[in-house]
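Work through the exercises below with the sequence and the model side by side. Try each task on your own before you read the solution under it.

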Amino acid sequence: MVTKVQFYHNTPDRLALACELVARAHAGGRQVAVRLADGVQARKLDLMMWTSDPLAFLPHVSNSSPLAAETPVVLGAPGSDTDWPHTDVLVNLAEDMPPGFDRFRMVVEIVGQTEAEKAPARHRWMQYKARELPLKAFDAERRVAL
């Protein structure tokens, strides 16, 4: 299996896009691991997943939860992200390369609009490219392939 990698660039609100993409993947029957930068970002996304669409339910837990293997969406931050219960989709919101990313069928990288967010993303792009993985880039604001 070869891991496919998608980059969403120019994202005005990385957490909002992550929430949207995770909801879409879940609706399509996929299991999703979301790697966040830290615990603060994890709490924000957790809250967004509970409040973003009042008529939808997006089941999610922390990857340290005893229910992680049974829950389709799992959230984790660096340091707690080496043992994901799923290997379908990994959404990366952290600045570094996700450890064990090659176990996943797809990796989704969400990149913001600031240079501080773009620089580490360029480095990750080059790392994926050096591994000769299939890469796709999208402009998140216009929702078109680049």
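The exercises begin with the whole chain and then turn to its cores and to single residues.

The model is predicted, so local features need pLDDT of at least 70 and side-chain atom pairs count only at pLDDT 80 or more, while totals for chains, interfaces and linings use all residues. Residues are numbered from 1 along each chain as its sequence is written, and side-chain values use heavy atoms, with hydrogens and water left out.

**Exercise 1. The fold**

Task: State how many helices and strands the protein has, and give their order from the N terminus.

Solution. Begin with the definition: helices (H or I, at least four residues) and strands (E, at least two) are DSSP runs, numbered from the N terminus. By this rule the protein has three helices and eight strands. Next, read along the chain from the N terminus, where the elements follow one another as β-α-β-α-β-β-β-β-α-β-β.

**Exercise 2. Overall dimensions**

Task: Compare the radius of gyration of the protein with the value for a compact globule.

Solution. The radius of gyration is taken over C-alpha atoms, and the globule rule is 2.2 Å times the number of residues to the power 0.38. For 146 residues the rule leads to a value near 15 Å, and because the protein has 14 Å, the two agree. As a further step, look at the box along the principal axes, which the C-alpha atoms fill with roughly 35 × 30 × 30 Å.

**Exercise 3. Inside and surface**

Task: Describe what share of the residues is buried, and what the exposed surface consists of.

Solution. Buried means under 20% relative accessible area, exposed means over 50%, and partly exposed lies in between (1.4 Å probe, protein chains only). Of the 146 residues, 45% are buried. For the surface, areas come from the Shrake-Rupley method with a 1.4 Å probe, and for residues only the protein chains shown count as cover. The protein exposes about 7700 Å², and carbon and sulfur atoms supply 55% of this area.

**Exercise 4. The cores**

Task: Find the largest nonpolar core and the elements that build it.

Solution. A nonpolar core is a set of buried Ala, Val, Leu, Ile, Met, Phe, Trp, Tyr and Cys residues joined through side-chain atoms within 4.5 Å. The largest one has 25 residues, and Val-34 and Val-91 have the most contacts inside it. Two or more residues come from each of α1 (14-27), β2 (32-35), α2 (39-51), β4 (73-76), β5 (89-92) and β6 (106-110). Among these, α1 gives the most, with seven residues. A second, separate core has 16 residues, including Phe-7, Val-61, Phe-101 and Tyr-128.

To see the surroundings of Val-91, recall that contact means heavy atoms within 4.5 Å. Once neighbours within four places in sequence are left aside, Val-91 is in contact with Ala-18, Val-22, Val-32, Ala-33, Val-34, Arg-35, Val-108 and Ile-110.

**Exercise 5. Two buried residues**

Task: Locate Thr-71 and Gln-41, and list what each one touches.

Solution. Thr-71 sits in the loop between β3 (60-62) and β4, and it counts as buried because its relative accessibility is 9%. Not counting residues up to four places away in sequence, Thr-71 touches Pro-59, His-60, Val-61 and His-86. Gln-41, by contrast, belongs to helix α2, and at 14% relative accessibility Gln-41 counts as buried. With residues up to four places away in sequence again not counted, Gln-41 touches Arg-14, Leu-15, Leu-36 and Leu-93.

**Exercise 6. Positive phi and a distant partner**

Task: Describe the places of Asn-10, Glu-132 and Val-2.

Solution. Asn-10 is in the loop between β1 and α1, has a positive phi near 65° although it is a residue other than glycine, and is partly exposed at a relative accessible area of 25%. Glu-132, in the loop between α3 (115-130) and β7 (135-139), has a positive phi of about 60° and is not a glycine either; with a relative accessible area of 71%, Glu-132 is exposed.

Val-2 lies in the segment before β1 (4-9) and, at 52% relative accessibility, counts as exposed. Leaving aside neighbours within four places in sequence, Val-2 is in contact with Arg-105, Leu-133 and Pro-134. Although Val-2 and Arg-105 are 103 residues apart in sequence, their C-alpha atoms are 6.9 Å apart in space.
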